[in-house]
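Hi,

Here is the structure I promised to pass on. Have a look at it first, and then read my notes below.

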Amino acid sequence: MFDLFAGVAVIASLLVIAQRNPIYSVLLLIASFGALSGLYVLLDAPFVAVIQIIVYAGAIMVLFLFVVMLLNAPHEMTEEDIEHPLAIVRSGATRLGGLLALALVVELVWALTRHGGESGVFGNAAVSSVAAIGRLLFTEYAFPFEVTSLLILVAMVSAVILARREGGPDAAPAGLAEPDLSRAPAGTEGDR
Amino acid sequence: MPTLNDYLVLSAVLFAIGTAGVFVRKNLITILLSIEIMLNAVNLTFVAFGRALGAADGQIIVFFVMTVAAAEAAVGLAIVIALYRHRESLNPDSFTVLKW
Amino acid sequence: MLLLIPLLPLAGFLVDASFGRRLSKSIAGGVACAAIVASFAVALAAVFRLVALPPDARAIVEPVYTWIASGDFTAAFTLRLDPLAAVMILVITGIGSLIHVYSTAYMQEESDGEFARYFSYLNLFAAFMLVLVLGSNFLVMFVGWEGVGLCSYLLIGFWYQKQSAIDAGKKAFIVNRIGDFGFVLGVLLAFVRFGSLDFQEIARSAATLSPETTFGTVSLITLLLFIGATGKSAQIPLYVWLPDAMEGPTPVSALIHAATMVTAGVYMIGRNAVLFSHAPATLTIIAIVGAATALMAGTIGLVQNDIKRVLAYSTVSQLGYMFLAMGVGAYAAGIFHLYTHAFFKALLFLGSGAVIHALAGEQDLRRMGGLRKELPVTYWTFLIGALAIAGVPGLAGFFSKDEILFRTFANGHRLLWVVGLFTALLTAIYMFRLVFLAFHGSPAPAPARPEHPEEEEPAAHGAAGHGAPHGRHLHDAPPAMAVALIVLAVGSVAAGYIGLPASLGGGDRLAAFLAPSFTVAERPADAVERSVEPGGDREAEAGEASRGLEWALMTASAVTALAGIGLAWIFFVRSRTAADALVARFPGVYRILSRKYYVDEIYDAAVVQPIRIVSEDGLWQGVDVRIIDGAVNGVAETVGGASAWLRRLQTGSVRAYAASLFVGVVAILGYYLWR
Amino acid sequence: MPASTTLVLAQIVLTLFVFVMLLNSAAIMVYVERKVAALLQQRLGPYLVGPKGLLQPLADVVKLMFKEELRPAAADWFLFGLAPVISATCAFAAFAVVPFGAETTFFGLIPEGLRLQVADVNVAILVVFAIASMSVYGIVLAGWSSNSKYSLLGGLRSSAQMISYELSYGLALASVLVVANSLSLTDIVNRQAGAWWGVLPRWFVFLQPLGFLIYMTAGVAETNRAPFDFPEAEQELVAGYHTEYSSMSFALFFLAEYINMVTVSAVATDLFLGGWHGPFLPESLGWIWFLLKVAAILFFYVWMRWTLPRYRYDQLMRFGWKVLLPVAVLNLLVTAAGVLYFGA
């Protein structure tokens with residue numbers, strides 16, 4: 001089961017960054033999120049799994065999808081990219097980035113595996129009851145919770161301001177940014 | 001039965017994929033997507049550790065991360081839209097005027 | 001309690017300065033007047049408390065806070081009220097209040113903002129002056145010293161659209177700077193010499209010394225301090241700013257440039273009487289300078305045609321008197337004259353202000369005349385003032401001036417005494433020339449506009465609404481002014497009697513009251529006979545020995561005054577031709593006098609031009625442009641070149657930055673894994 | 001054979017059964033829709049095919065099946081094909097966690113009791129919610145991929161609408177589960193068993209009348225039904241996001257819409273109307289009550305559709321954001337306060 005989800009997640013993520021068409025990237029990312037939520041279920045965190053779907057797949061990704069459709073995003077590597085003055089720098093940065101990512105994964109895996117890593121199955125009992133999580137969230141983490149709500153508010157306002165067309169009332173994306181944004185607290189409110 | 005280490009390795013791989021995406025891709029939206037991948041990799045780590053320690057805190061952190069991700073996505077995309085209106089392009093390298 | 005005295009005007013200043021623009025005239029003026037009057041009331045209360053104390057322990061000390069504490073040196077912001085300071089604060093707040101009231105009427109034509117600005121300055125001045133007087137050490141005094149200088153600058157240049165006013169303001173400020181330079185040096189030297197800045201401690205340690213026969217440190221200190229005094233109090237050589245200061249509004253001239261600020265120098269010397277009395281050389285210099293100033297200013301005053309300038313020069317010469325008194329060690333007499341002079345000179349200035357106000361800004365004596373009928377109040381009060389300053393027996397001026405002359409004579413400065421007497425004559429003459437020209441005779445036919453507009457006061461422009469400047473329906477001083485005038489007139493009659501000399505049956509109470517201030521508070525045994533004590537033993541000795549002499553001198557000065565008045569009458573009332581004849585007789589003298597001995601020109605040639613040349617050609621073109629700018633630009637170009645090369649790193653491509661950042665991440669992670 | 005195997009078998013059978021039933025329900029709903037419409041408009045409606053036109057849906061299906069599958073040349077073929085699948089899948093998946101009857105052994109047919117429910121998840125409500133939020137993609141992708149302005153507008157509109165109303169939807173759910181103090185639909189239903197004072201059934205609709213209204217309204221918007229049917233506002237957008245679709249792929253959207261209706265109604269029944277609990281019938285036959293309730297709600301939907309005119313789009317949005325959402329939040333807060341006060 002784990003292998004299935006993990007495989008899906010990795011392959012989907014790889015395809016996300018391999019895709020030329022942003023729409024597909026978004027959809028594949030959703031797929032990978034689905035796999036991740038499956039992993040959360042395996043980790044006895046069904047609540048997180050559901051929230052993952054609701055917030056990430058249901059809200060954030062929709063927002064991405066909207067923007068992609070709205071801008072009708074051009075596929076990459078058009079001529080103007082080629083003869084872009086910074087073509088060399090960019091491709092250099094690209095290659096370098098790829099290498100670095102490779103180095104990072106090697107390093108991380110090595111770091112995790114060189115001492116045999118955290119072997120053994122999970123010993124402790126899982127905390128999967130929503131009630132427990134909610135209690136913790138609203139007692140110990142009450143302050144951070146409120147702060148995040150503030151963060152959301154700020155983000156909402158700034159999104160509206162940023163995406164508004166000069167002069168006229170705020171443009172469609174801003175208008176659409178609102179619902180997706182406020183969804184995040186709605187998702188976390190759902191578990192009270 | 002997968003061990004904690006498997007989860008950690010998986011999240012490491014995902015994280016690396018995300019970073020690679022940030023560098024390899026030349027489309028702002030895809031770059032944002034890659035960032036989301038990285039965030040999720042981190043989330044996975046949190047949940048896995050929480051599970052291993054038998055504590056709910058890991059899951060709670062995930063909620064906060066998600067909130068941040070939502071905010072980041074909204075603002076980032078708003079910026080992308082503004083930029084696109086300005087330059088008719090999503091290539092981060094075509095926004096290099098902010099220098100000198 | 002003492003703190004309140006300067007604090008109240010300061011509060012008034014803050015209010016007017018912050019909200020003045022939005023306040024109506026009545027409120028702004030009301031605030032200012034209320035502040036200063038309240039301060040006067042507090043001052044009165046304080047003085048009563050002081051008088052209640054036993055004579056030899058008359059001092060109220062009020063430490064506010066420790067201002068500076070570095071190493072073993074501490075400068076406390078402490079206020080100290082002793083008899084000398086008591087007299088001063090009464091003069092400042094009392095006359096200050098009157099002038100505030102007067103100003104509310106005088107400045108009526110200003111716009112609200114300007115009005116508020118004026119009163120805020122006035123209050124600020126009062127606050128600083130009180131600090132100056134109440135300060136118990138040189139540092140605090142210096143704060144007030146500089147503060148009043150600033151206020152005087154602000155108020156002289158109050159009409160900042162007027163070039164002459166601006167210049168006058170700058171002149172006053174710069175000349176004062178020169179004086180302050182000396183003052184600061186003196187203070188520093190005093191600190192080096194006595195290791196303290198507190199007046200009491202300096203006096204105490206000075207009292208233990210023997211008076212310097214040669215020109216020593218103490219003499220140097222006192223001389224430097226005296227230079228500061230000449231700056232503030234317009235003595236030779238630094239008196240040149242005061243006549244120009246008449247560009248300011250007349251009440252300002254009355255308050256700052258006649259009654260209070262210009263006497264700061266005198267006060268400062270009185271405050272350090274003990275110190276000065278240990279430097280005979282300086283004292284001599286002071287006496288001579290004072291006498292010379294008195295004489296010179298008096299002679300110039302004879303021929304000036306601007307009513308205010310005449311008064312200005314008379315102020316200078318009266319200040320000369322005070323310094324003369326200080327010089328001969330008659331501190332009490334000097335302060336006494338300072339105090340009476342405050343009354344009648346303020347009165348005279350305010351009177352002239354009333355005249356100018358009535359004549360819609362006319363200041364030229366030659367265009368006045370016959371105002372006696374139109375301005376009765378002004379006339380009578382002004383006349384009283386003139387009599388008082390001329391030294392007619394029975395009025396304030398007589399007693400104080402006579403006291404000075406007597407002390408001068410009694411202390412054996414015969415020559416100075418002659419000069420003083422002659423100056424008294426001059427005083428009488430120019431004052432009554434003023435009176436006769438302005439108020440008697442026939443109204444001179446004059447053009448509606450004076451020839452030199454820079455001498456007229458914009459303040460009075462609005463008053464032109466009262467018809468032509470010489471329209472025959474002139475309005476007398478409005479109530480606010482009249483009140484001030486009358487009170488001051490009463491003052492200048494009565495003020496003298498508290499200093500009534502023993503010879504006239506009054507036991508010279510002021511001198512007795514002031515005495516402790518000029519000696520060491522608790523006197524060390526050995527310092528008893530050394531500390532010069534004008535009020536005390538000299539008085540006693542004068543009591544028996546030279547009662548007759550005093551009488552003689554008194555009659556002499558009285559006669560002189562009357563003679564002066566008579567001469568003035570002959571020249572300017574009976575036959576004006578006589579004056580012109582005299583002028584025709586000695587044209588050279590007249591030119592020299594009317595050009596004020598060419599002092600301004602001399603200064604310009606001797607000081608200003610050289611400095612300008614040096615600074616323009618040498619410092620500006622040479623040092624600044626070549627060396628400093630060269631260095632700065634050189635550095636800038638170097639950096640510019642370096643960054644021009646470095647900026648290639650800044651591609652502006654976000655991902656390039658991210659990559660560089662990420663290199664670091666991988667590297668560090670790798671390093672920690674490697675270990 | 002061993003009990004476990006029978007259980008598994010039973011479970012599989014049950015699942016298939018539910019699947020088929022949902023398909024049928026869609027078919028039935030088509031019929032009902034047209035009949036009720038006719039009723040409300042005082043005409044006959046379908047009556048030719050079969051007795052009283054009962055076979056009309058079948059005819060429709062056949063027609064749709066044999067139609068040609070058209071596909072715009074400029075369309076993104078993959079997504080174009082994917083979109084209807086997504087909506088249909090979501091529609092079916094959402095029902096998976098909905099219990100529609102008490103535990104039963106099918107008259108001793110199987111050894112131990114079996115919940116009449118495809119999958120019992122302890123966070124069932126959230127699952128419903130999550131799947132509902134996923135169903136946006138079907139529409140959005142359909143709108144975008146068919147590369148036609150009508151479709152695109154329809155898609156954008158409908159998704160914006162669904163997103164906006166999901167908030168109120170979620171908050172209504174939240175208020176219910178605050179009362180029920182559980183996320184499992186089964187628990188919620190069981191909490192509604194019995195009656196107050198023997199007469200008034202313990203349905204949450206009586207504790208949460210406002211919540212119920214909000215839920216129903218949001219549900220209508222979620223399913224893009226009149227008066228909120230902007231995605232296919234014929235007058236403005238031809239047929240909205242499925243303008244370009246034909247044949248089976250269109251049928252899938254069609255299916256999805258009706259199944260969504262059913263799901264919403266079923267969830268409403270479980271949440272507010274006491275699920276299968278009802279008088280006169282033994283627990284084992286509770287599913288009858290369940291069906292009745294669902295049918296009632298569905299009828300109500302159809303009724304509304306043919307009665308109310310369509311809103312204007314901005315009105316819809318304003319209503320969603322400025323009326324429904326605040327009310328929902330308020331309701332949640334009041335509920336929470338009440339629970340806190342009365343200790344549930």
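One convention before the notes: two helices count as roughly parallel when the angle between them is under 35 degrees. Keep in mind, too, that this is a predicted model. Its scores are ipTM 0.64 and pTM 0.53.

**Where chains A and B meet**

I'd start with the pair of helices called α3, one in chain A and one in chain B. Helix α3 of chain A covers residues 46–71 and helix α3 of chain B covers residues 57–87; they pack at about 5 degrees, with 11 Å between their axes. That angle falls under the cut-off, so α3(A) and α3(B) are roughly parallel to each other. On the chain A helix, the residues making the contact include A:F47, A:I51, A:V55, A:L63 and A:L71. On the chain B helix, B:V62, B:F63, B:M66, B:L77 and B:Y84 are among them. Sorted by class, the contact of α3(A) with α3(B) has 22 nonpolar residues, one polar residue and no charged ones.

Zooming out to the whole contact between these two chains, chain A puts in 81 residues and chain B puts in 66. On the chain A side, α1 (2–18), α2 (22–42), α3, α5 (87–113), α6 (130–139), α7 (142–163) and α8 (172–189) each supply at least two residues. The side of chain A that touches chain B breaks down into 62 nonpolar, 13 polar and six charged residues.

**The two chains themselves**

Chain A has eight helices and zero strands. Of its 192 residues, 45% are buried. If you take contacts in chain A between residues at least 6 apart in sequence, 58% of them join residues at least 24 apart.

Chain B has three helices and, again, zero strands. It has 100 residues, and 69% of those count as buried. For contacts in chain B between residues at least 6 apart, 44% join residues at least 24 apart. The mean pLDDT of chain B is 83, with 94% of its residues at 70 or more. Among the elements of chain B, helix α1 (residues 4–24) has the lowest mean, 85, and helix α2 (residues 28–53) has the highest, 88.

**Chain D**

Chain D has 12 helices and four strands. Buried residues account for 47% of its 344 residues. Of the contacts in chain D with a separation of 6 or more, 77% are between residues 24 or more positions apart.

How confident is the prediction in chain D? The average pLDDT is 79, and 91% of the residues score at least 70. Confidence in chain D is lowest in helix α9 (residues 234–237), at a mean of 63, and highest in helix α12 (residues 313–342), at 86. Where pLDDT is low, the predicted coordinates should not be read in detail.

One helix to look at here is α10 of chain D, residues 247–272. It has 26 residues and spans 37 Å from its first C-alpha to its last, close to the 38 Å expected. Is α10(D) enclosed or open to its surroundings? Of its 26 residues, 23 are buried, so α10(D) is largely enclosed by the rest of the structure. After α10(D) comes D:G274, which has a positive phi near 75 degrees.

**A few backbone oddities**

Most residues other than glycine have a negative phi, and most peptide bonds are trans. These spots go the other way.

- A:D44 is not a glycine, yet its phi is positive, about 60 degrees. A:D44 sits in the loop between α2 and α3 of chain A. With 19 other C-beta atoms within 10 Å, A:D44 is partly exposed.
- D:Q42 is not a glycine either, and its phi is positive at about 55 degrees. You'll find D:Q42 in the loop between α1 (3–40) and α2 (56–66) of chain D. D:Q42 has 6 other C-beta atoms within 10 Å and is exposed.
- C:I236 and C:P237 are joined by a cis peptide bond, with omega at about 5 degrees. C:P237 is in the loop between α8 (217–233) and α9 (241–244) of chain C.

Shout if anything is unclear.

Cheers

Definitions and conventions: Residues numbered from 1 in each chain as written. Chains lettered and ligands numbered in written order. Predicted model: local features only at pLDDT ≥ 70, side-chain atom pairs only at ≥ 80, totals over all residues. pLDDT = per-residue confidence, 0-100. Buried ≥ 20, exposed ≤ 12 C-beta atoms within 10 Å, placed from the backbone. Contact = placed C-beta atoms within 7 Å. Expected span 1.5 Å × (residues − 1). Axes fitted to C-alpha atoms, helices over the stretch in contact; angles between N-to-C directions. Parallel < 35°, antiparallel > 145°, perpendicular 65-115°, else oblique. Nonpolar A, V, L, I, M, F, W, Y, C, P; charged D, E, K, R; others polar.
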